[in-house]
Amino acid sequence: MIALLAFYLFATVTITSAVLVIFARNPVHSVLWLILAFFNAAGLMLLVGAEFIAMLLVIVYVGAVAVLFLFVVMMLDIDFSKLRSGFNRNLPFGLLIALVLLAEIVIAFSAHRAGPAMAATPATNPVPNIEALGIELYSRYLLPFELAGFILLVAMIGAIVLTHRSRGDSRGQNANRQIGRRPQDAVKNVNQPVGEGMKL
């Protein structure tokens, strides 16, 4: 009974937060509602016994992706009035996509109801799911895992190379010139006459 109440609580808050992400007028509020939706989705994953996915939702999505979205929204000077101006123009297309997604959900739910009822059986494997995932990831799928890391490394280096351009109006620092500068060149003693201003 407690698990059922927790499920309905997490599911209700998740759906409500997802709806508020779409309809919030302030983009910062949208990101905050998104973080709340991620937290409640992690609670749903805990209820089904997927602790690793719940941990990924909190650490990766809340701790990295959502915070990155929040900083990007707060730091970039985006004119949201121009973005909202095309809402009425794109409304029919958005409603069409929403109807298609709703039809897919109804079809999936009907197929699940029409299929044979399968009772949930307790897991016979004594190994926790995180340990089982680690064993599979670093033994059977080691090569694809390493290739994925190498591809991400190449993408990061490419992004740095593409965005790092030398600007002509920026003054770079020349350490050798600074170290080789003599005190005689930096300081000049002038016997300034009384009643006259400084001559530059």
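A helix, as the word is used here, is a DSSP run of H or I that is at least four residues in length, and a strand is a run of E of at least two. With that settled, the chain has 9 helices and 0 strands. Going along the sequence, the pattern is α-α-α-α-α-α-α-α-α.

Before going further, note that this is a predicted model. The average pLDDT of the chain is 79, and 82% of the residues reach at least 70. Which elements sit at the two ends of the confidence range? Helix α4, residues 80-85, has the lowest mean pLDDT of the elements, at 66. Helix α7, residues 142-163, has the highest, at 88.

Next, the annotation. The UniProt record, an unreviewed entry, lists "transmembrane region" at residues 6-24, 31-50, 56-78, 90-111 and 141-162. I will take two of these spans. Residues 6-24 are 95% helix and 0% strand in the model, with 26 Å between the end C-alpha atoms. Residues 31-50 are 85% helix and 0% strand, and there the end C-alpha atoms are 25 Å apart.

Now one residue from the second of those spans. Asn-40 belongs to helix α2, residues 27-47. Is Asn-40 buried or exposed? Its relative accessibility is 8%, and buried means under 20%, so Asn-40 counts as buried. What does Asn-40 touch, once residues up to four places away in sequence are left out? The contacts are Phe-10, Val-13 and Thr-14. Those three fall within residues 6-24, one of the spans in the UniProt record.

For the opposite case, go to helix α7, where Ile-151 is found. Ile-151 has 55% relative accessibility; the cut-off for exposed is over 50%, so this residue counts as exposed. Ile-151 is also part of a nonpolar surface patch of about 790 Å². The other members of that patch are Phe-150, Leu-153, Val-154, Met-156, Ile-157, Ile-160 and Val-161.

Last, the chain as a whole. How much of the chain is buried? Of its 200 residues, 12% count as buried. The accessible surface comes to about 17,500 Å², and carbon and sulfur atoms account for 70% of that. As for contacts, take those between residues at least 6 apart in sequence: 57% of them join residues at least 24 apart.

To recap the two residues: Asn-40 in helix α2 is buried, while Ile-151 in helix α7 is exposed.

Methods: Residues numbered from 1 in each chain as written. Predicted model: local features only at pLDDT ≥ 70, side-chain atom pairs only at ≥ 80, totals over all residues. Heavy atoms only, no water. UniProt positions renumbered as here; feature names shortened; annotations may be inferred. pLDDT = per-residue confidence, 0-100. Patch = residues over 30% accessible without salt bridge, like charges linked within 9 Å, V, L, I, M, F, W, Y side chains within 5 Å. Areas by Shrake-Rupley, 256 points an atom, 1.4 Å probe, with all protein chains shown as cover. Salt bridge = Lys/Arg side-chain N within 4 Å of Asp/Glu carboxyl O. Buried < 20%, exposed > 50% of the residue type's maximum accessible area, 1.4 Å probe, protein only. Contact = heavy atoms within 4.5 Å.
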